[in-house]
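Trainee: I would like a close look at a single part of this model. Please take one helix and describe its surroundings as well.

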Amino acid sequence: FVQFKPKEELPRMLEELKAILPYSVELHGKFHYLGEDLVEPSIPYKEILAVVKDSDFDGYLICEYEDELYCGGAEFTKRQIRMEKQLLGMQ
């Protein structure tokens, strides 16, 4: 939805996300790499999950690891779940 787009487009895309959330039952949380700091540098999760948190979304967030580097999907998936819980205020 928003990966690899110019930052100037983010406000428009977040408004589009708000518009489609009532019709969504799941969101794919794609990620390429998550460091120990729980930051995915190519996707603005802080902004995206703030929209989700402020909505009535009651669906699933699916972890979708793009393992181009073949460097440990299990650990990165655990990190993504921790990141999501942190950003959604579930910790």
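Which glycine follows α3, and what is the sign of its phi?

Mentor: The residue is glycine 89, which comes after α3 and has a positive phi, near 75°. Bear in mind that the model is predicted.

Helix α3 itself covers residues 73-87, 15 residues in total. From its first C-alpha to its last it reaches 21 Å, close to the 21 Å expected at 1.5 Å a residue. Its buried residues are Phe76, Arg79, Gln80, Met83 and Glu84. Viewed down the axis of α3, the buried residues fall within an arc of 135°, so they line one face of the helix. An α-helix has 3.6 residues a turn, so residues three or four places apart point the same way. Ala74 and Lys78, on the other side of α3, are exposed.

The cover over the buried residues of α3 includes β1, α2 and β2. Those elements are connected to one another. Strand β1, residues 26-31, pairs with strand β2, residues 60-65, in the parallel sense over 6 bridges. The chain gets from β1 to β2 through helix α2, residues 45-53, and this β-α-β crossover is right-handed. Within the pairing, glycine 29 has cysteine 63 of β2 as its bridge partner, and lysine 30 stands opposite glutamate 64. Strand β1 also has two faces: Leu27, Gly29 and Phe31 are on the covered one, while Glu26, His28 and Lys30 are on the uncovered one. Glycine 29, the bridge partner of cysteine 63, thus belongs to the covered face of β1.

Notes:
Residues are numbered from 1 along each chain as its sequence is written. This is a predicted model: local features need pLDDT of at least 70, side-chain atom pairs count only at pLDDT 80 or more; totals for chains, interfaces and linings use all residues. Side-chain values use heavy atoms; hydrogens and water are left out. Buried means under 20% relative accessible area, exposed over 50%, partly exposed in between (1.4 Å probe, protein chains only). Helices (H or I, at least four residues) and strands (E, at least two) are DSSP runs, numbered from the N terminus. Two strands pair if DSSP finds at least two bridges between them. A crossover is right-handed if, with the strands pointing away from the viewer, the path from the first strand over the helix to the second runs clockwise. The expected span of a helix is 1.5 Å times one less than its number of residues. The arc is that of the directions from the helix axis to the C-beta atoms. Contact means heavy atoms within 4.5 Å.
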